[in-house]
Protein chains: 2
Amino acid sequence: MEASEIYKCIADPQRLRILNLLDGGSLCVCHLQTIIDIPQVKASKQLAIMKQIGLLEAHRQGTWMVYSLAQPVHGLLRVNLDYLLQADCSECNQLQRDLVARKQLIQQITQDSPDCPTAVCAPQPCC
Amino acid sequence: MEASEIYKCIADPQRLRILNLLDGGSLCVCHLQTIIDIPQVKASKQLAIMKQIGLLEAHRQGTWMVYSLAQPVHGLLRVNLDYLLQADCSECNQLQRDLVARKQLIQQITQDSPDCPTAVCAPQPCC
DNA sequence: CTATAATATACCTATTTTAGTATATACTGT
DNA sequence: ACAGTATATACTAAAATAGGTATATTATAG
């Protein structure tokens, strides 16, 4: 994986937000859509781009596609996510807010259906 | 300066090479041209882009324009240059080779005209 | 004032990226 | 087999980026 490919990914704020969110754990497309507030097509395309270059992995769970960061996380991505989360800039703050939103969304999901706790994207009741 | 602006800069291999070279100290356009082997227009444009967003500074010295990294170097850029120099990938190796080429070029310049040692772009004999 | 060197800008074209709409696919429940 | 949900892909128009040629600018040397 070329460094410039990774940079092109994180140069797009939406893609960066997705990567940051997935760094906290797998999420399905609909959750990403919800948190970032983008149309379905856009989310799907961005995910496809990053999966293509090997930054993301996906597996199907029922009708959901669950995306996650390809492991081990590429060092270059690691370094940048870590940096941005401790820095102070508008985009960085957004990343932090996203993690909060992520936590809230998951709490809400697990409350609504206590039977799908760890796997955010367990079948059915979650979305 | 937005993070995404910086990423867009370093997502371009040529711009990344320029930033890496300048991290070693100021250089004038012609030296960058020589080391990276790009046409004058291209060099000038790339430099203009990065100066525009505040990543680079420039001052004139005779007919030369001497470019340098804006100080203090932005943390995000710092982190990435440091990472890439110690990593092992095709683009990273290129950055290392560039630093060698830089050193050689400067040696050659200072040999040809021992009167312009520290300032790589001292007037006249250097280019 | 003229010629020349180094660099910047204008302008045009080709290419790539983005964004949106519509449609297709994959799976689930009935 | 049918309807519905989640996601992906095709297609198209618009916007941004890159690359090249020609020309302009700035400064120096004679």
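Which residues come nearest to DNA strand D? In this predicted model, 20 residues surround DNA strand D, and those that come nearest are Gln40(A), Ser44(A) and Tyr67(A) from one chain, with Lys42(B) and Lys45(B) from the other. The secondary-structure elements that each supply at least two residues of this surface are α3 (29-36), α4 (40-52) and β3 (64-69) of chain A, together with α4 (40-52) of chain B. By class, the surface near DNA strand D comprises nine nonpolar, six polar and five charged residues.

Both the backbone and the bases of DNA strand D are approached by the protein. Sugar or phosphate accounts for 59% of the atoms of DNA strand D that lie within 4 Å of the protein, and bases account for the rest. On the phosphate side, a backbone N or O atom of Val29(A) is placed 3.3 Å from a phosphate oxygen of the strand. A polar backbone atom of Met65(A) likewise lies 3.3 Å from a phosphate oxygen of DNA strand D. On the base side, a base oxygen of DNA strand D is found 2.3 Å from a polar side-chain atom of Lys45(B).

For DNA strand C, the surrounding set also numbers 20 residues, of which Lys42(A), Lys45(A), Gln40(B), Ser44(B) and Tyr67(B) come nearest. Of the atoms of DNA strand C within 4 Å of the protein, 64% are sugar or phosphate atoms, the rest belonging to bases. An N or O atom in the side chain of Lys45(A) stands 2.4 Å from a base oxygen of DNA strand C. Phosphate oxygens are approached through the protein backbone: a polar backbone atom of Val29(B) lies 3.3 Å from a phosphate oxygen of DNA strand C, and a polar backbone atom of Met65(B) lies 3.4 Å from a phosphate oxygen of this strand. Two or more residues of the surface near DNA strand C are given by each of α4 of chain A and α3 (29-36), α4 and β3 (64-69) of chain B. This surface divides into nine nonpolar, six polar and five charged residues.

The two protein chains also contact one another, with 17 residues taken from chain B and 17 residues from chain A. Between them, chain B and chain A bury about 1600 Å², 60% of it on carbon and sulfur atoms. Zero salt bridges are found across this interface, whereas eleven residue pairs are in polar contact, both residues being at pLDDT 80 or more. On chain B, the side that touches chain A draws at least two residues from each of α1 (3-10), α5 (75-86) and α6 (90-112). The most is given by α5(B), with six residues. The residues of this side of chain B comprise nine nonpolar, five polar and three charged.

Within chain A, three strands form an open sheet in the order β1-β3-β2, with antiparallel pairing. The edges are occupied by β1 (27-28) and β2 (56-61) of chain A, each of which has a single partner strand, so one side of each is left without a neighbour in the sheet. The antiparallel pairing of β2(A) with β3(A) extends over six bridges, and Leu56(A) stands opposite Leu69(A) in β3(A). The strand β3 (64-69) of chain A is also among the elements that supply at least two residues of the surface near DNA strand D.

Notes: Residues are numbered from 1 along each chain as its sequence is written. Chains are lettered from A and ligands numbered from 1 in the order in which they are written. This is a predicted model: local features need pLDDT of at least 70, side-chain atom pairs count only at pLDDT 80 or more; totals for chains, interfaces and linings use all residues. Side-chain values use heavy atoms; hydrogens and water are left out. A residue is near a molecule or strand if one of its heavy atoms lies within 4 Å of it. A polar contact is a pair of N or O atoms within 3.5 Å; within protein, one must be able to donate a hydrogen and the other to accept it, and residues adjacent in sequence count only if both atoms are side-chain atoms. Helices (H or I, at least four residues) and strands (E, at least two) are DSSP runs, numbered from the N terminus. Ala, Val, Leu, Ile, Met, Phe, Trp, Tyr, Cys and Pro count as nonpolar, Asp, Glu, Lys and Arg as charged, and the others, Gly among them, as polar. Contact means heavy atoms within 4.5 Å. Buried area is the accessible area (1.4 Å probe) that two parts lose on being put together, summed over both. A salt bridge is a side-chain nitrogen of Lys or Arg within 4 Å of a carboxyl oxygen of Asp or Glu. Two strands pair if DSSP finds at least two bridges between them.
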